[in-house]
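Reader: I am in my first year and new to looking at structures. Could you pick one part, go through it closely, and then work outward from there?

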Amino acid sequence: MIDLILQLAPAWAEAHAPALIIVLPLLAGPISAFLPGSGRIAWIMTMVVTALCTLLSIILLAQVRSVEGGAVISYAMGGWAPPYGIEFRIDALNVLVLMLVSFIAFLTSIFGWPTIRAEINEEKRAMFFGAFQVCFMGLLGVAATGDAFNLFVFLELSSIATYVLVALGSGRDRRALPAAINYLLMGTIGASFYVVGVGFLYAATGTLNMADLAIQLQDTSGNRAVQVGFAFILVGLGLKAAMFPLHQWLPNAYTYSPSFVTAFLAATATKVAIYALVRFLFSVFSLEFIFEGASLALILTPMGIAAMLACSFQAIFQTDVRRTLAYSSVAQVGYMLLGISLGTAAGVSAGMFHLVNHALMKGALFMAVAGVVLTYQGTRIHDFAGLGRSAPWTMTAFAIAALSLIGVPLTAGFQSKFALVSALLASGWWWAALIVVFSSVLAVVYMGRILQAVFFKPPNNPQKRQKEAPMLLLGPLWVLALANLWIGINGNFVVGLANDAAQALFIGGVR
C-alpha cells in the first residue's frame, strides 16, 4: 500500500508536501473570507482544501513509513538550512496528528453546511469559513513545525481564528460572546507563558530549532534558566490542552460555539496541544533531565487523575448534553496525560492511541448533537427524550460513540483504555489502573443518563413526526461511528501508528 501511494503521488507533492499542507489553507482562508454570495462557494473551497490536505497527509504518512523504524522528513523553508532557517520536520509522531486533524477537518467541512446555514448569518458565512481555514492551518502548523518560536506563531494564528469562530455562535446564543472572551483571556495567558518559556530556552542555548535545542540541552540540566523555561512551557501548553485545573475556558467554549466549531475543536484543538506537550517532554527535553523527571510523576500524574475523577463527577450533574460532553473531554485528556506521565514507550503509545480514538468518538458525539440542534432545537437531556424513535439513524450513531467513550468492548474506547491499563500494570501502577476503571464507571453514569432518555423515555411531544438530520450531516457522522467500531474490532492500523509515534520519541533506548 505504501509503495502504491508513493507511485501514484505526483513528484511535486512528494517533494513539497510538508509545506503545501500549510500553504494551501493559509492562502485559501483569506480568499474564502472575501468571496461573494451566501457562503456556498467558500464552503466548497473549504471542502476542496481540507480534502487536499488529507491527501497530502497520507503521502507524508507513506513517506515516513517507507523506511523501517520511520523516516524523518526535514523541509527547509526558503532554502535556509536548519537550525538557522525555519524547518518543517515530519516524523512518525506528528504525521499521525497531521492526518487526524486533516481527516476531521474534511469530515466537519462536509457536515457543516446545514448547521452553518441555520446558525450563522448569511453575510458572515464567508468570513466564518475563512477563519476556519486559518484555524485549521494553525493546527497543522503546530504539528508540522520544527521551530519552537514558529510553533508559537501557528498556535496564536489558530487561537485568534478560534476566538472569532466561537464568538460567531452569538447568533444562536448570546452566551457565546463571554465564552469567546474567556477563551481569549485564558488562551492569551497560555501563549504568553509558552513564549516566555521559549525565551528562557533561547537565552540558555542560542537556538530555536527543536532538534538543535535537544542537542544543546543535553549539557544544561543544572541550568536554572532551562528549568524555569520548562516550567513556563509546561503551564502554557497545559492551558491550551485544557489540563486540569487549567480547563475553565473549555466547557463554555464547547457549549455555546456554533455546532460546526464545537465538533471540530473537540476533536482536534486539545489533541494538537497535547502533541506539542509530548514533543517538548520527550524530544526537546529528555527523561534524564531531572527537573522534568520529577514533573512527570509529581505534576502530570495528579493532574491527569484529578481530571478523570473531578470532571467525570461534574459531567454527571450537567443537564445540557453539550456541557456534559465538554466536561467529559477534560476527563479524557486526563487519560492521555496519565499515559504520558508514565514516561515509557507503552504509556506514550497508549496516550496517543487514546488521543486518536477520543477525536473520533467526540467528533461523532458532537456531530450527532448538531443534528439534534438542527432538527429539534434542543440540547438539554430532557430534549433528547424519545429521539431514538424519531431520529434512529442519528441516535444510533450517537449511541455507538457513547459506548466507545465508556469503553465497551468492540469499540475504539475499549481498545485504548485496555492499552492504558496494560501500560499502567506493566509499570506497577495498579492503583492508577483501578482509577481508570472507576472513571469509566462514572462515564457509564453520565452517558447512561443521556442514552436512557434517548431510547427508554417517551418523546416530550408524542405528535412530533420522525425527522432525521440531513444526509450531509449523517454521512460524516456515520463515518466516525463506523471508525469507532472498526478500531474496536481490528485496530492494528491505528495501534501501529501510535506505537511508531512512541518509538520515534524513544530512539536511543530511554526506556
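**From one helix position outward**

Author: Apart from residues up to four places away in sequence, V348 is in contact with F282, G339, I340, A502, L505 and F506. Keep in mind that this is a predicted model, so every value here is computed from it. V348 sits in helix α14, which covers residues 345–376. Is V348 buried or exposed? Its relative accessible area is 0%, and it counts as buried because the cut-off for that word is under 20%. The chain also brings a remote stretch to this spot: V348 and A498 are 150 residues apart along the chain, and their C-alpha atoms are separated by 8.2 Å.

The next step is from one buried residue to sets of them. In soluble globular proteins, nonpolar side chains tend to be buried together. Here the largest nonpolar core has 179 residues. Those with the most contacts inside that core are F128, Y194, F264, F280, F384, F398 and M447. A second core, separate from it, has 15 residues, including Y335, A350, L424 and V436.

F264 is a convenient residue to follow. Leaving out residues up to four places away in sequence, F264 touches V101, I104, A105, T108, F132, C135, F136, L139 and A269. Two of these, F132 and F136, belong with F264 to one aromatic cluster. The other members of that cluster are W43, F111, W113, F128, F129 and F260.

That leads to the aromatic rings. A pair of aromatic rings is described by the distance of the centres and the angle of the planes. The structure holds 24 such pairs. One of them joins F128 and F129, with 5.7 Å from centre to centre and 90° between the planes, so the pair is edge-to-face, a label for angles over 60 degrees. Both partners are buried: F128 has a relative accessible area of 0%, and F129 has 0% as well.

A pair with another geometry is F149 with F152, whose centres are 5.6 Å apart and whose planes meet at 45°. This pair is called tilted because the angle is neither under 30 nor over 60 degrees. Why do F149 and F152 sit about one helical turn apart? They are 3 residues apart in helix α6, residues 148–167, which means a separation of about one helical turn. Their surroundings can be told apart too: F149 is partly exposed at 39% relative accessible area, whereas F152 is buried at 17%.

Helix α6 also holds E156. With a relative accessible area of 17%, E156 is buried. Beyond its neighbours within four places in sequence, E156 is in contact with G187, A191 and K240.

K240 is a link to the next feature, since K240 is also one of the residues that line the largest cavity. Rolling a probe the size of a water molecule over the atoms shows where empty space is left. How many cavities of 30 Å³ or more does a search of the whole structure find? The search finds 1, and the largest cavity has a volume of about 120 Å³. Around it, besides K240, are L139, L155, S158, S159, T162, Y183, L265, A269, V272 and A273. Helices α6 and α11 (259–284) are the elements that give two or more residues to this lining. By type, the lining divides into 7 nonpolar, 3 polar and 1 charged. L139 and A269 connect the cavity back to F264, which touches both of them.

The last stop is the backbone. Most residues other than glycine have a negative phi, and most peptide bonds are trans. Exceptions turn up in the loop between α9 (224–240) and α10 (250–256), where P245 is found. The peptide bond from F244 to P245 is cis, with omega near 5°. A242 lies in that loop as well. Although A242 is not a glycine, its phi is positive, about 60°. A242 is buried, with 1% relative accessible area.

L410, in the loop between α16 (392–406) and α17 (412–426), is another case. L410 is not a glycine either, and its phi is about 75°. Unlike A242, which is buried, L410 counts as exposed, at 56% relative accessibility.

How values were computed:
Residues are numbered from 1 along each chain as its sequence is written. This is a predicted model: local features need pLDDT of at least 70, side-chain atom pairs count only at pLDDT 80 or more; totals for chains, interfaces and linings use all residues. Side-chain values use heavy atoms; hydrogens and water are left out. Rings of Phe, Tyr and Trp (its six-membered ring) pair if their centres lie within 6.5 Å; planes under 30 degrees apart count as stacked, over 60 as edge-to-face and the rest as tilted. Buried means under 20% relative accessible area, exposed over 50%, partly exposed in between (1.4 Å probe, protein chains only). Helices (H or I, at least four residues) and strands (E, at least two) are DSSP runs, numbered from the N terminus. On a 1 Å grid over the protein atoms alone, a cavity is a set of points where a 1.4 Å probe fits but cannot get out, and a pocket is an open set with protein on both sides within 12 Å along at least five of seven lines; lining residues have an atom within 4 Å of a point. Grid points are joined across faces, edges and corners, and a volume is the space filled by probe spheres set on the points. Ala, Val, Leu, Ile, Met, Phe, Trp, Tyr, Cys and Pro count as nonpolar, Asp, Glu, Lys and Arg as charged, and the others, Gly among them, as polar. A nonpolar core is a set of buried Ala, Val, Leu, Ile, Met, Phe, Trp, Tyr and Cys residues joined through side-chain atoms within 4.5 Å. Contact means heavy atoms within 4.5 Å.
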